[in-house]
Amino acid sequence: LLLIGLRDYLTQTSDSRLLICMLAPFFCAHNCYSGWEINSSNTGLDLVDVLTAFAYGSEITIRLGEAFEGQTYYQGFHPTGTCGVFGATGGAAKLLGLDAEKITYALGLAGSQAAGLLEWKAQGTWSKRYQAGHPAMCGVISAIMAKNGYTAPTTVWDGQDGFLRAYSYKDIWNEAKVYEEFGKRWEMADTSIKVHACCRFSAPL
């Protein structure tokens, strides 16, 4: 998963929403895990399950990114990595058929693995690619750990020391953007396709 995520982000052709290349970490975790499950003898997955997990993980990633009001960049964080791990976790948890409690634990575990600094820009190194592979890998790990009984905080996003506060710039965030009309209004419908194989803020359009 780590290497596949690195590969998928290498071409810089993933779609985006606001400041997130949201499918790079999530899609490889989703595809790898659903492919493994579908081809295993114990699978109970069908296309509806796979698409549901895809939508669920996408919405989590986008909504967390939107909650920062475009400001988390100024705190030095790369939301593809920091938010992407939650989407990868949510999608994997859905594919595993976890109940609401275990999904919450899985997302709590993802909070301990949310990472990605913008310092990759300083020297033109390869670490940006890692910030797609790492959340993909950690998302599946988090879901599997929760499935097997590992617990984590249920307040990982909105707690006093939770993700939104810890990764925000000057305490700027809007928690409502994570929860409002979840499952009714589909934020993933407004994603954009990159014009060129680079960060969209580097493109001439």
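What follows is a conversation between a trainee and a mentor about the salt bridges of this predicted model.

Trainee: Before we start, which ground rules apply to the numbering and the values?

Mentor: Happy to set them out: this is a predicted model in which local features need pLDDT of at least 70, side-chain atom pairs count only at pLDDT 80 or more, and totals for chains, interfaces and linings use all residues. Side-chain values use heavy atoms, with hydrogens and water left out, and residues are numbered along each chain as its sequence is written, from 1.

Trainee: Thanks! How many salt bridges does the count come to?

Mentor: Side chains of opposite charge can pair when their charged atoms come close. The rule here asks for a side-chain nitrogen of Lys or Arg within 4 Å of a carboxyl oxygen of Asp or Glu. By this rule, the count is 5 salt bridges.

Trainee: Let's take Glu59 and Arg63. Which helix holds the pair, and how far apart in sequence are the two residues?

Mentor: Their side chains meet in a salt bridge, at 3.0 Å from N to O. Helices are DSSP runs (H or I, at least four residues) and strands likewise (E, at least two), numbered from the N terminus. Glu59 and Arg63 are separated by about one helical turn, because they sit in helix α3 (residues 47-67) and are 4 residues apart.

Trainee: Is Glu59 buried or exposed, and at what relative accessible area?

Mentor: Buried means under 20% relative accessible area, exposed means over 50%, and partly exposed is in between (1.4 Å probe, protein chains only). Arg63 is buried, like Glu59. For Glu59 the verdict is buried, at a relative accessible area of 0%.

Trainee: Which residue has its backbone nitrogen 2.8 Å from a polar atom of the Glu59 side chain?

Mentor: Contact means heavy atoms within 4.5 Å. Leaving aside neighbours within four places in sequence, Glu59 is in contact with several residues, among them Phe182, Arg185 and Trp186. The backbone nitrogen at 2.8 Å from a polar atom of the Glu59 side chain belongs to Met188.

Trainee: How many of the residues of α3 are buried?

Mentor: First, a check on its length: at 1.5 Å times one less than the number of residues, the 21 residues of α3 should span 30 Å, and the end C-alpha atoms are 30 Å apart, which agrees. The helix is mostly covered, and its buried residues number 16 of 21.

Trainee: Which residue after α3 has a positive phi, near 55 degrees?

Mentor: Look in the loop between α3 and α4. The residue is partly exposed there, with a relative accessible area of 33%. Its positive phi occurs in a residue other than glycine, and its name is Glu69.

Trainee: Which residue is the salt-bridge partner of Glu69, and how far apart in sequence are the parts tied together?

Mentor: The side chain of Glu69 meets that of Lys177 at 2.8 Å, N to O. Glu69 lies in the loop between α3 and α4 (79-82) and Lys177 in helix α9 (residues 176-179), so the pair ties together parts 108 residues apart in sequence. Lys177 is partly exposed, at 28% relative accessible area. The partner, then, is Lys177.

Trainee: Last one: which residues do salt bridges with shared partners join into one network?

Mentor: Start with Glu181, found in the segment after α9, where its phi is positive, near 55 degrees. Glu181 counts as partly exposed at 46% relative accessibility, and Arg185 does too, at 30%. Their side chains meet in a salt bridge of 2.6 Å, N to O. Shared partners make one network of Glu181, Arg185 and Glu187.

Terms used
A polar contact is a pair of N or O atoms within 3.5 Å; within protein, one must be able to donate a hydrogen and the other to accept it, and residues adjacent in sequence count only if both atoms are side-chain atoms.
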